[in-house]
Structure formats: structure tokens, C-alpha cells
Amino acid sequence: MTSTATTIPHAAPPYSGPRAFVQRLRHGDEIAHLITLTFAAGILLITSLLVWELWRTSYLSRTKFGWHFFWTQTWDPIFDNFGALPFIYGTLVTSVVALIIAVPLGLASAIFLSELAPRKISDAVSFLIDLLAAVPSVIYGLLGIFVVVPLMRSWLGPLLINTLGKLPGIGKLFAGPNYGVGFFTAGIVLAIMVVPFIISVSREVLLTVPREQREAALALGATRWESTWKVVVPWARTGIMGSIFLALARALGETMAVTMVIGNDPKISASLLRPGYTIAAVIANEFTEATGDLYLSALIELGLVLFLMTFILNGLARILIVATERGGGRPA
Amino acid sequence: MNRALLIWRKSLNVVMLTLTGVAALSVVSVLFLILGYLIWHGGASLSWSFFTQLPKPVGETGGGMANAIVGSLKLLSLAALIGLPIGLMAGVYLAEFGGQTFSFVIRYTTDLLNGVPSIVIGIFAYSIVVLPVKHFSTLAGGFALGMMVIPITVRSTEEFLRAIPGTLREGAMALGASKWKTIATVVLPAASGGILTGMLLALARVAGETAPLLFTAFSNRYWSPGWAQPIASLPVMIYTYAIAPYDDWHRQAWAAGLVLLALVLLANLGCRLALNRGGNVRSV
């Protein structure tokens, strides 16, 4: 989309060539253009520098471990032997748990806000949800340590072990012992943190669905729920997927809240109730203690991995959201 | 048969719609739960000395976080100094000067920078500010926070500039103003309210950031003597105090949490109310 400003014809230059440039320079237009351009290019420069620095400083680890870095489980700073698998596992598992909790909750709330609630209530609730999104992550961590962890230890954990833990198959996911800290606790805290993002993006996408779609469904005799679930939501599904990817990217990169409740133990365990570790958490905990160059380099390579994961997800999310808001309809 | 189906559909309708309402209600109630819990716990531990005293040595009770409050302010002003000008200028470029391809690249990069996990921003600041001089510093922390301010400011500035009607620009140009004069004296002042609120929101967002400060600004139990020394900040203090084994530190963590949350939420509340009143601009 071009801005309104660029569609306005430029004050017609009386001359062409170098004299015209000097003329415009005197007016200051070119200078202003160049100055703002420099700052804009600065963003490009900074971002490229960021990627370059991550690449450069992870050199030691990349050359020493190669692709083995991604599927070895040892994390041994004393013998300088580093593998990323437990952290990648922890990051993915906590994020998936978070999404399993947050997506139904967020989507339902977004449906309520866009389809049922009167505009005023919907706006007021969205306002509160925006505030919720502004709460700093360390506060979520604080509440995680002192509220969610004790709750998990004394009530929710035993409950899960005694109900879901007894089932064949998925019972393994909820096998004891129950520590209070662990993948599941981190997942709960992350879910609370990403729900506001799912709600606000999904609500906006749902609001772009044309009225006629709902009216047509209702006129055919569908109930309100049927029109929502079978017409409106499918119409907006690409955008909703986008909001989920956005939430996933945030969950993957979240540091403080997770560090405070995951238990910080680089192990891969089937049970969600066990302590684990995530990429962001290990960087936060060990970066200042990393004594050797290789140790530091391995941590930075983890940062690079995290960066790439979020980069890909954010890119996908953006494409999906833009596609829905522009065209809507039923993309293949 | 048909009747049973109808009853089923109707009751499904009622049940599912109620559930969506319950979901929305429970999400909103989390906000009040957080607020209530912090006020309950933090309020009890909050005292005058929290704002005026330095942290006491381990084992002694009492003391405050005056240095962390000042530290957060110093870090935020640095972040503003670094992030706001770049964000503002780039926003002006995108809204007023930008062409097609280059603008797309800048916009995309800005989104990319916005999505970078804060801990990775911390690594970046560490490798280009801390590593060369070999020690943690206020500057490094401010730099890291400034990086995070940039993308938010760019987006809000661009959006508010675009909301200014083209007729305003045409009017100024018809009176003979050049383009930059139009922007500087007509467009920017008209959008200034929104742009400033956007900036404040950006600062409120980074005020609660902890991860990028852990190994840039680090922390400090005393007053930080200069810009090149490590400095304490509220979020990092909350983190260290919360994971420490001392009850008194936990109480102080709650108090610090309440102060931080109050600052961030009040800034957000004020900004968003001002924006909502000023027109129907999409929230940032």
C-alpha cells in the first residue's frame, strides 16, 4: 500500500538534472529524505549485525560439534562437551503444552468477543486483555514460583497422576513423582502468557469475516454456534493459524517465567511432571558463569537456534495473518 | 427423530456459547487475580524504606531497592535515547518517503527485530558492548533495551502518521511549503499525541524486561557509580530475590513486583485510554 503522501505529486521541479537536485536540496526535501533513510537503513544494519554476531560468536561451537550438537544429550561444561537436544526438547514440549491449553481457551474467548458480546463489552474486555499482555514476564515468573508451583505440588500434580496418569498410553506423560516444577508447570505459565496474543489477533481476524457469511448461514437455519463454528471460523482459519504461530514464537522465546518454574535440569523425560530445561532458560542461567570460550560459544549457538526458530514462525504467522485480512475466503 | 436432532443442536448451541463466555471470563479474571495477589502480598511488604534504602546484606532483614529504582530509570532513559530517535525517523521514512521495495524490506526487518526473543537481544548486546570492554555496564543494558524499543516505535509512528489525512499535507503544500516543511510543521505536530503515546508504550514494555539485562547491565547491590559500571534494575532484582532462599527477600520481591506492575499498568492504562479517546487507532 502506498502512503497518501507519495500519491501527492511532488512540487514540479522547474529544471531537470543536477540543477533540479540542487534546487530540491535547497528546499531540504532531499536532505530530510536522506536523513530518515539513513535511520531506516540503520535498522537493517542493526538486524544484520545481530545475525552476523550470533553466527560469528558461535563459530567455535559450530566447528567443533557440527550437526551433532543437535542430537547429543550431554551438557558437560567440565569436559567441554555440549549437546543441545535436552534444551530443544524442553523448549518444544513446554511450548506445545502451552498451546494445548491456550488455543482452546483463546479461540473460545475470541469467538465470544467477536460473535456474542455486544461491541461495548467486547471492547472493554479486549482492553483488559491488552493490559494482561503488558504484564512483564518476570511477574508471571514470580506468581509461577509462589502460586502455580505450590498448587501443582499439592493439588494439580497428584490429581493428574491419579486420573490421566492411570490411562494407558498417555499415562506415561503424567507419571510421578511430582516435583511441582517441570514441563507442565512451565506450560501452564506460558499458556497464561500467550493467551492474550491469541485472543487479540484472532478477534481481529474474526471481525474481518463479512456479515453476509453469518447471515447466510443463519438464514439457512443454522444455530448461532453452527454459523460460528462451521462458517465464520473456517473462513478465518488461516488468520487464526497465524495467531497461533505468533503465540508459539513467543512461547519458544520466553525466558524469565520459564526459567523460574521449569526446574533447570537438562534431562529428557517422558513425564511432563519432571523438571526440564529450555534454550532460553539455560542461556539466562549459565551465560554469566560460562568460563570457557567453547562453553560461551555453545550457549550462543543455542541462542542462534532459538533465533532461527522464532524467525521462521514469525515469518509464517505474518504471511497467514496478512493473507486472511486481505482476502479472507477459503484458501487452499 | 428430527425433534431430537433439533433439541441436540439447540442445546449444543447454548452449551458451546456459554463455554466461550466462560473462557473469556476466566482469561480476564487472571488479570484481576494477578493484580489482587500482588497488591495483597506486595502491599504488605511495601514500606517507605523500600524506596529510600539500599539492599541490606544477606541475613539482615529490611532495606530497600532505591538503587534498583534509580537503575531502572537510568536504563530506560538510555533505551529512550538510543531507540526513540531511530524509531521515530524510520517511522517517518516509512510513512512519508518510502518507496515500494525498500520500505517492504525495512518493514519486514522491523517485524523480524520485534520477534527476536529478548534473551537473544541480550546476547547481541553482550557480544558488541560487553565483550570488547570485558565488563558489564549500564550502557550495555541501555543498548539492549534500546534495541527492543526501536521496532515498537517504528510501527506506532508509521501508523499514526498514516492516520493523518492527506488533505492536511495537500493544504500545506498548496501554501508553498516544501515536503519536509510540511512534515515537520504540519504532519508531525498533528500526529504528535499518538506518536508520544506510542513511545511511552514502547518504554513501558521494555521496563519489565529482565532477560536482556541479566548479562549486560548485570546487577549491583550498591549505587552504580557511572555509566560504565554494572547497575541494578527492578526486574532483575525481582528475579534474583524470588529465586533466593530467604523469606525476607521473597517479601521484597513481591513489593518490587507490585511497584513494577503498577508502573507498567498505569503507563499502559493512561496511554490506551488517551489513544481510544483520540480516535479509533489500532492498539499497538
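Begin by selecting helix α14 of chain A, residues 293–326, together with helix α5 of chain B, residues 118–133; their axes come within 10 Å and cross at roughly 135°. The model on the screen is a predicted one. Because angles over 145 degrees would count as roughly antiparallel and those from 65 to 115 as roughly perpendicular, α14(A) and α5(B) are described as oblique to each other. Turn the view until one helix lies in front of the other: α14(A) passes α5(B) in a left-handed crossing.

Next, display the side chains at this crossing. On α14(A), select A:I300, A:G303, A:L306 and A:F307, and on α5(B), select B:I119, B:V120 and B:I123; these residues make the contact. How many of the residues in the contact of α14(A) with α5(B) are nonpolar, polar or charged? Six are nonpolar, one is polar and none is charged.

Now move to another helix of chain A. Select α10, residues 224–235, and find A:K230 within this helix. Is A:K230 buried, exposed or partly exposed? Around A:K230 there are 13 other C-beta atoms within 10 Å, so the residue is partly exposed; a buried residue would need 20 or more, and an exposed one 12 or fewer. Then add A:A217 to the selection. A:K230 and A:A217 are 13 residues apart along the chain, and 8.8 Å separates their C-alpha atoms.

Finally, step back to view chain A as a whole. Colour residues 4–57 as domain 1 and residues 83–326 as domain 2, following the domain assignment. The centres of these two domains of chain A, taken over C-alpha atoms, are separated by 40 Å.

Definitions and conventions: Residues numbered from 1 in each chain as written. Chains lettered and ligands numbered in written order. Predicted model: local features only at pLDDT ≥ 70, side-chain atom pairs only at ≥ 80, totals over all residues. Axes fitted to C-alpha atoms, helices over the stretch in contact; angles between N-to-C directions. Helix = DSSP H or I, 4+ residues; strand = E, 2+ residues; numbered from the N terminus. Parallel < 35°, antiparallel > 145°, perpendicular 65-115°, else oblique. Left-handed = near helix turned anticlockwise from the far one by under 90°. Contact = placed C-beta atoms within 7 Å. Nonpolar A, V, L, I, M, F, W, Y, C, P; charged D, E, K, R; others polar. Domains from an automatic or database assignment.
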